[in-house]
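Please read the following report with the sequence and the model side by side, and look up each residue as it is named.

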Amino acid sequence: MHLDNPGLLKTRAFIGGVWTDAAAGDQFPVLDPATGVVVDSVADARASDALAAVNAAAAAQASWAATPPRKRARMLEAWHSLIRANESDLAIIMTREQGKPNAEAIGEIRYGAEYVKWFAAEALRVYGETIPPATSNTRIVTIRQPVGVVAAITPWNFPMAMIARKVAPALAAGCTVVCKPAEDTPLSALALAALAEDAGFPAGVFNVLPTSRPAEVGSVLTSSPIVRKLSFTGSTEIGKLLMRQSADTVKRISLELGGNAPFIVFDDADLEAAVTGAMQAKFRNAGQTCICANRIFVHRPVHDEFAKSLAARVGELVVGDGSKTGVQIGPLINGDALEKVDHLVSSAVSAGARVVTGGRRHELGKTFYEPTVIADVAPDWDLATEEVFGPVATLIPFESESDVISMANDTRYGLAAYFYSRDVARAWRVAEALEYGMVGINTGTISNPAAPFGG
């Protein structure tokens with residue numbers, strides 16, 4: 001892997017401002033999902049390393065909390081500048097370990113950097129309040145203070161942006177952080193730590209623990225009374241486990257546990273715009289995003305026209321190694337992900353679904369899957385009720401507004417939703433009827449640093 005800044009390729013844990021091997025000396029391989037080749041071997045942290053990171057963060061907490069907000073903001077601004085200056089190298093690292101096309105990786109890095117920039121400014125706005133007192137001789141003044149050490153457990157699908165989204169606000173507020181990145185994508189997290197070190201963050205303020213033992217390391221983070229806040233993005237099952245494990249120490253918890261986003265196309269929609277929005281909302285990162293359009297509901301009068309137009313666009317997508325020029329769809333993250341997507345599609349076809357385009361493993365082999373449009377799917381089939389996490393657009397026809405709202409809300413998830421309509425009254429009505437934290441109206445891109453993620 002050629003990098004203009006080879007110092008970004010770190011393979012050791014970052015604990016207390018020191019690049020260190022795991023205490024037991026263990027390492028684990030990081031694989032390129034496009035080729036199956038080992039990219040590098042990384043320190044494999046265990047419980048003792050997690051405890052060391054927590055203690056390092058605790059030792060730095062008081063002085064970091066006392067650091068003037070303007071100084072914290074300047075460090076975050078410096079981190080942002082370094083991320084942007086090194087975006088080409090960061091994208092190379094991300095593509096090698098995660099698989100997404102290089103152009104898309106650069107887009108993620110710029111998007112993640114915007115979180116750092118936004119929260120650098122927010123560091124200056126941690127305002128308190130004065131409250132009218134009950135008596136004339138008293139005053140009530142409130143201030144906001146850092147909660148303390150924060151544990152951030154981040155996913156593999158956005159290995160840079162999810163760290164920025166969790167770590168930047170914590171640092172801005174005066175909290176120190178222990179980050180455990182996903183075992184598939186530790187190199188991006190370690191590269192960000194290297195840039196944070198260059199930006200001048202004091203030792204112990206930001207710690208990174210690569211590990212192939214997430215349960216062992218995670219149990220230290222959840223059980224430690226030193227860790228006051230846990231932020232996790234991942235599966236619902238693991239989120240429930242972390243919540244149970246955090247109960248004894250009564251931690252504050254932020255959980256983002258996947259989605260089953262509906263994408264609704266009404267008969268009065270601009271169909272060309274709706275197809276473009278569906279491409280954005282469904283096929284980014286090969287469909288491996290939590291706010292992906294998982295179920296595409298199309299009004300019966302425009303269903304066939306929409307399906308034809310979407311299939312034509314999907315059929316033009318270029319699949320391949322994300323490091324190659326022009327590639328738009330990279331591999332799925334691993335073999336388990338490929339098996340899941342293949343099983344869901346095969347089961348739907350066996351039940352009577354119609355493949356419009358794609359529908360099978362790609363001829364490239366490895367973990368590549370053909371970009372797919374599949375129609376005539378029933379809303380209660382597994383393909384529509386489970387989070388697919390692959391490049392599969394599932395089309396479900398509907399007859400009326402009330403019916404589609406009922407079908408869209410019939411899920412345990414409530415992260416994101418999308419719909420297309422040119423009727424202003426319908427836009428307000430449907431937006432409020434959809435039981436989702438984020439609703440995109442006539443757009444397939446909804447995430448923004450200025451808006452709360454998840455609503």
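## A buried asparagine and its surroundings

Asparagine 157 has its place in the loop between S7 and H5, where the labels H and S stand for helices (DSSP runs of H or I, at least four residues) and strands (DSSP runs of E, at least two), numbered from the N terminus. This is a predicted model, in which local features need pLDDT of at least 70 and side-chain atom pairs count only at pLDDT 80 or more, while totals for chains, interfaces and linings use all residues. Residues are numbered from 1 along each chain as its sequence is written, and side-chain values use heavy atoms, with hydrogens and water left out.

Is asparagine 157 buried or exposed? With a relative accessible area of 5%, asparagine 157 is buried; buried means under 20% relative accessible area, exposed means over 50%, and partly exposed lies in between, with a 1.4 Å probe and protein chains only. The side chain of asparagine 157 reaches the backbone oxygen of glutamine 288 at 3.1 Å. Not counting residues up to four places away in sequence, asparagine 157 touches several residues, among them Gln98, Lys100, Thr289, Cys290 and Phe389, where contact means heavy atoms within 4.5 Å.

Thr289, Cys290 and Phe389 are also among the residues that line the largest cavity, which holds about 30 Å³ of space. A search of the whole structure finds 1 cavity of 30 Å³ or more. On a 1 Å grid over the protein atoms alone, a cavity is a set of points where a 1.4 Å probe fits but cannot get out, whereas a pocket is an open set with protein on both sides within 12 Å along at least five of seven lines, and lining residues have an atom within 4 Å of a point. Grid points are joined across faces, edges and corners, and a volume is the space filled by probe spheres set on the points.

## The largest pocket

The largest pocket has a volume of about 1,500 Å³. Of the 48 residues that line the largest pocket, the closest to its centre are Phe119, Pro169, Ala170, Lys229 and Ser254. Helix H5 gives the most to this lining, with 7 residues, and the elements that each supply at least two residues include helix H2 (69-85), helix H4 (102-122) and strand S11 (252-256).

## Four residues compared

The table sets out where four further residues lie and how accessible they are.

| Residue | Place | Relative accessible area | Class |
|---|---|---|---|
| Glutamate 87 | helix H3 (residues 87-98) | 10% | buried |
| Arginine 252 | strand S11 | 58% | exposed |
| Aspartate 376 | loop between S15 and helix H12 (382-385) | 37% | partly exposed |
| Asparagine 442 | segment after strand S18 (438-441) | 39% | partly exposed |

A polar contact of 2.9 Å joins the side chains of glutamate 87 and arginine 84; such a contact is a pair of N or O atoms within 3.5 Å, and within protein one must be able to donate a hydrogen and the other to accept it, while residues adjacent in sequence count only if both atoms are side-chain atoms. Leaving aside neighbours within four places in sequence, glutamate 87 is in contact with Ile106, Ile109 and Arg110, and arginine 252 is in contact with Val147, Arg228, Lys229 and Leu230.

Most residues other than glycine have a negative phi. Aspartate 376, however, has a positive phi near 60°, and asparagine 442 has a positive phi of about 60°.

## Strand S15 and the cores

Strand S15 (residues 372-375) is covered on both faces, with Thr372 and Ile374 buried on one side and Val373 and Ala375 buried on the other. Strand S14 (residues 354-357) runs antiparallel to S15 and is joined to it by 3 bridges, whereas strand S16 (residues 392-398) runs parallel to S15, also with 3 bridges; two strands pair if DSSP finds at least two bridges between them. Alanine 375 in S15 is the bridge partner of arginine 354, and isoleucine 374 stands opposite threonine 394 in S16.

The largest nonpolar core has 71 residues, and those that touch the most other members include Phe263, Phe306 and Leu395. A nonpolar core is a set of buried Ala, Val, Leu, Ile, Met, Phe, Trp, Tyr and Cys residues joined through side-chain atoms within 4.5 Å. Helix H9 (residues 271-283) supplies the largest share of this core, 7 residues. A second, separate core of 55 residues includes Leu3, Ala60, Met94 and Ala193.
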